[in-house]
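Subject: Structure for you to look at

Hello,

Here is the structure you will be working with. Some notes on what was found in it follow below.

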Amino acid sequence: MFSKILIANRGEVAVRVIRACKELGIKTVAVFSEIDAESLHVKLADEAVCIGKAPASDSYLNIPNIISAAEITDVEAIHPGYGFLAEDAHFAEICESCQIKFIGPTPENMRLMGDKMAAKQVARKAGIPIIPGSLNVVNSKEESLKIAKKLKYPVIIKAALGGGGKGMRICHNDIRLVSAFLTAQREAEAAFGNPSVYIEKYIEGPRHIEFQLLGDSHGHVIHLGERDCTIQRRHQKLIEEAPSPILNKKLRKKMGEVAVRCAKTINYVNAGTIEFLLDKNDNFYFMEMNTRIQVEHPVTEMLTGLDLVKEQIRIAAGEKLNLKQDDVNFRGSSIECRVYAEDPDHDFRPCPGKITGLNLPGGPGVRLDTHIYAGYEISPYYDSMIAKIITHGENRKEAIAVMQRALEEFIIEPIKTTVPFHKKVMANPSFLRGKYATDFAEKI
Ligand code: MV4
């Protein structure tokens with residue numbers, strides 16, 4: 001096992017990884033930007049190294065500075081968290097070439113799944129249904145019109161290196177398609193440095209269901225069930241829950257099996273997630289694979305009693321999974337509400353500032369993953385997510401009741417947050433019945 005790990009991240013996920021390390025008896029090194037000097041992850045780690053100025057490109061994305069910090073502090077491994085360099089195959093390669101273990105999938109795993117069209121073909125070969133669409137990059141508007149004609153409207157344009165909804169465009173007719181095609185190319189170029197886009201049939205009113213996977217370096221892969229992440233706004237997830245209120249046993253078994261098979265065909269190592277779209281007729285389709293620990297991983301941890309970050313570290317250290325598929329137990333129901341520092345009265349724009357008053361929820365069935373504290377100043381430089389409230393109950397109704405109670409306890413001054421939105425959702429009849437689709441958050 002490693003004796004010292006560097007955490008190449010900030011915020012709640014850096015705190016989360018430090019907690020796992022402490023429990024495993026591993027020393028921790030935090031890295032931080034100049035503006036993050038007073039951050040919780042810096043205070044909790046055994047050592048901390050400043051890696052540059054506030055803009056992420058100068059610090060949390062600055063590979064030479066992070067590798068220098070790792071060399072100076074003599075760590076054996078780097079945990080990238082999520083976001084920043086977590087899915088950067090090049091960074092993982094540099095780590096390995098410096099004899100530092102990257103705690104995550106192989107560079108090959110990341111590169112393959114980062115190419116969304118290549119990923120679809122892998123999934124198809126593993127027996128997962130894929131959404132009908134172009135098999136290759138679409139290079140001209142003429143070609144896009146031809147493909148749309150074959151698929152029939154509505155269609156969706158996606159960036160080849162995209163994911164997470166960035167640069168996506170839904171089109172209902174030829175006129176819109178031509179302009180959307182050119183905009184999508186430009187957006188893809190700006191966001192990913194590559195203008196390649198592809199086209200798919202647009203699935204209307206779907207659910208987003210993802211399966212959590214763990215693979216070790218000895219060829220064993222298991223799944224830890226699904227999370228329903230349908231409630232999103234502008235491709236930002238707001239609420240996740242498990243088990244999904246709309247999956248039956250048979251469908252769950254089938255989706256879990258194909259997800260495992262897909263991961264096995266690419267010799268997938270470490271924690272990963274396969275995202276599916278589920279349509280109104282219970283048809284499921286492969287959407288993409290995320291090659292990292294995800295924000296919403298605590299939902300699965302509450303349900304299974306496992307610690308996914310510890311599993312990641314053990315896998316990276318070369319240990320075998322000490323769990324077989326049948327050993328995974330699922331108990332009750334779990335929900336996560338993401339708290340963003342955003343102002344709902346001003347189109348959900350980020351609401352940074354100093355926290356003068358704070359009460360965080362607790363008590364039975366409540367888990368709080370956060371880096372905030374009274375007196376902390378929320379920076380405008382990074383993601384505006386400031387906390388995750390995760391609740392557990394013996395069933396969905398109880399998990400919701402615990403969440404309603406926890407949301408009442410969450411008090412933060414003078415910051416505007418998504419807490420009022422979550423309170424509204426937890427009292428919404430459609431949500432309570434488990435009946436909602438991807439347009440739910442925009443309509444409520
Ligand atoms: C889709 C889709 C419908 N049809 N693809 C959104 C995030 C990214 N991973 C892909 N996304 C979608 N892809 C086809 N062919 C609908 C979405 C989508 C969505 C998916 C899950 C949750 C919320 C969503 C909101 C808008 C669009």
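The protein carries 58 positive and 57 negative side chains, and the centres of these two sets are 6 Å apart. Please keep in mind that this is a predicted model.

On overall form, the C-alpha atoms fit a box of roughly 60 × 50 × 45 Å along the principal axes. A compact globule of 444 residues would have a radius of gyration near 22 Å, and the 21 Å found for the protein agrees with that. Of the 444 residues, 57% count as buried. The surface that the protein exposes comes to about 18600 Å², with 51% of it supplied by carbon and sulfur atoms.

As for the fold, there are 15 helices and 22 strands. Among contacts with a separation of 6 or more, 66% are between residues 24 or more positions apart.

One helix was looked at in detail. H1 covers residues 11–23, and its end C-alpha atoms are 19 Å apart. Why does that distance agree with what a helix of 13 residues should span? At 1.5 Å a residue, the expected span for H1 is 18 Å.

H1 is mostly covered, with 10 of its 13 residues buried. The buried residues include Val13, Val15, Val17 and Ile18. Charged residues are on that list too: Glu12 and Arg16 of H1 are both buried, where buried means under 20% relative accessible area. After H1 comes Gly25, which has a positive phi, near 75°.

Regards

Key
Residues are numbered from 1 along each chain as its sequence is written. This is a predicted model: local features need pLDDT of at least 70, side-chain atom pairs count only at pLDDT 80 or more; totals for chains, interfaces and linings use all residues. Side-chain values use heavy atoms; hydrogens and water are left out. Helices (H or I, at least four residues) and strands (E, at least two) are DSSP runs, numbered from the N terminus. The radius of gyration is taken over C-alpha atoms; the globule rule is 2.2 Å times the number of residues to the power 0.38. Buried means under 20% relative accessible area, exposed over 50%, partly exposed in between (1.4 Å probe, protein chains only). Contact means heavy atoms within 4.5 Å. Accessible areas come from the Shrake-Rupley method with a 1.4 Å probe; for residues, only the protein chains shown count as cover. Lys and Arg count as positive and Asp and Glu as negative; His and the chain ends are not counted. The place of a charge is taken as NZ of Lys, CZ of Arg, CG of Asp or CD of Glu. The expected span of a helix is 1.5 Å times one less than its number of residues.
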